[in-house]
Amino acid sequence: MANLREAQKQMTRRLLLESGLELFKTKGYAATTVDDIATAAGTTRVTFYAYFPSRSDLMRALIDEQLNETLQRVRSPEHGSTARDLVDTVTEGTHEAIMAWLRRTSELWPAVRPIIRIGRDASVVDPDLPDLVERWIEEAVADIEDGLTAAGRLEPYQRHFRGVLAMAQLDYVAQHWDGSDWKIGRDQMLEELGASRVRLLN
């Protein structure tokens, strides 16, 4: 019986997260209320607050849980979250390893893109969420820095900033690829991004 209750709790929490994400995508973060989310999830405001103290906390959970789960990032005491495959890819540093990582990651862009956009929108209107996405991106930058440190590549003072540049490129391309006319196909875009990443990280 306890296992059934726990499963029901997890299902309700997941429904609240999914309903919040869908409403944030369609109505926008600012226009979506706690009541909207609770109703869409088939529950009540009281139930919402049993799981999330505020709409801001639900938004944080979308970043901390759904985004990290999609990208296979796990909790890290040092950085908040980490992706072992990113650290390993940077440590290896070869064109082949970087291209393989980019291809895998680019398949996830359609799921990642809306959460990132909503997180940025939320940071603009919600004083409880300053720089929500940028702090998360810093966790990925830390992975790149760790990979460079493990490989002993570049000078220590260069590693963090090279990670910043690599993530800024990736973030921009991932956010704008579908809506832009860059005169290149997907494979060529990934090749160009990969070549740039190889130069930055070696």
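Angles over 145 degrees between N-to-C directions count as roughly antiparallel, and those outside the parallel, antiparallel and perpendicular ranges count as oblique. The exercises below use this on a predicted model.

**Exercise 1. Describe the overall make-up of the protein: how many helices and strands are there, and in what pattern?**

Step 1. Count the elements. The protein has ten helices and two strands.

Step 2. Read along the sequence. The pattern is α-α-α-α-β-β-α-α-α-α-α-α.

Step 3. Take the extent. Along its principal axes, the C-alpha trace spans about 55 × 40 × 35 Å.

**Exercise 2. Classify the packing of H9 and H10, and say which residues meet.**

Step 1. Locate the second helix. H10 covers residues 186–200.

Step 2. Get the geometry. H9 and H10 pack at an angle of about 170 degrees, and their axes lie 10 Å apart.

Step 3. Apply the cut-off. The angle is over 145 degrees, so H9 and H10 are roughly antiparallel to each other.

Step 4. List the partners. H9 brings Arg162, Leu165, Ala166, Met167, Gln169, Leu170 and Val173. H10 answers with Met189, Leu193, Ser196, Arg197, Arg199 and Leu200.

Step 5. Sort them by class. This contact of H9 with H10 has eight nonpolar, two polar and three charged residues.

**Exercise 3. Work out how H8 packs on H9.**

Step 1. Find the helices. H8 runs over residues 132–151, and H9 over residues 156–176.

Step 2. Get the geometry. The angle between H8 and H9 is about 130 degrees, with the axes 8 Å apart.

Step 3. Classify it. H8 and H9 are therefore oblique to each other.

Step 4. Give the handedness. H8 passes H9 in a right-handed crossing.

Step 5. Name the contact residues. From H8 come Ile137, Glu138, Ala140, Val141, Ile144, Glu145, Leu148 and Thr149. From H9 come Arg159, His160, Arg162, Gly163, Val164, Ala166, Met167 and Asp171.

Step 6. Sort them. The contact of H8 with H9 divides into eight nonpolar, three polar and five charged residues.

**Exercise 4. Repeat the analysis for H5 and H8.**

Step 1. Get the geometry. H5 and H8 pack at about 40 degrees, with their axes 7 Å apart.

Step 2. Classify it. That angle makes H5 oblique to H8.

Step 3. Give the handedness. The crossing of H5 past H8 is right-handed.

Step 4. Name the residues. Leu86, Val87, Val90 and Thr91 are the H5 side. They meet Ala140, Asp143, Ile144, Asp146, Gly147, Leu148, Ala150 and Ala151 of H8.

Step 5. Sort them. Eight residues of the contact of H5 with H8 are nonpolar, two are polar and two are charged.

**Exercise 5. Describe the largest pocket: what is its volume, and which residues and elements line it?**

Step 1. Take the volume. The largest pocket holds about 360 Å³ of space.

Step 2. Look at the lining. It is made by 22 residues. Nearest the centre of the pocket lie Leu71, Trp101, Thr105, Trp136 and Leu170.

Step 3. Trace the lining to its elements. Helices H5 (84–92), H6 (95–106), H7 (109–125), H8 and H9 each give two or more residues. The largest share, five residues, comes from H9.

Step 4. Sort the lining by class. There are 14 nonpolar, four polar and four charged residues.

Technical notes: Residues are numbered from 1 along each chain as its sequence is written. This is a predicted model: local features need pLDDT of at least 70, side-chain atom pairs count only at pLDDT 80 or more; totals for chains, interfaces and linings use all residues. Side-chain values use heavy atoms; hydrogens and water are left out. Axes are lines fitted to C-alpha atoms, for helices over the stretch in contact, and angles run from 0 to 180 degrees between N-to-C directions. Helices (H or I, at least four residues) and strands (E, at least two) are DSSP runs, numbered from the N terminus. Angles under 35 degrees count as roughly parallel, over 145 as roughly antiparallel, 65 to 115 as roughly perpendicular and the rest as oblique. A crossing is left-handed if the near helix is turned anticlockwise from the far one by less than a right angle, and right-handed if clockwise. Contact means heavy atoms within 4.5 Å. Ala, Val, Leu, Ile, Met, Phe, Trp, Tyr, Cys and Pro count as nonpolar, Asp, Glu, Lys and Arg as charged, and the others, Gly among them, as polar. On a 1 Å grid over the protein atoms alone, a cavity is a set of points where a 1.4 Å probe fits but cannot get out, and a pocket is an open set with protein on both sides within 12 Å along at least five of seven lines; lining residues have an atom within 4 Å of a point. Grid points are joined across faces, edges and corners, and a volume is the space filled by probe spheres set on the points.
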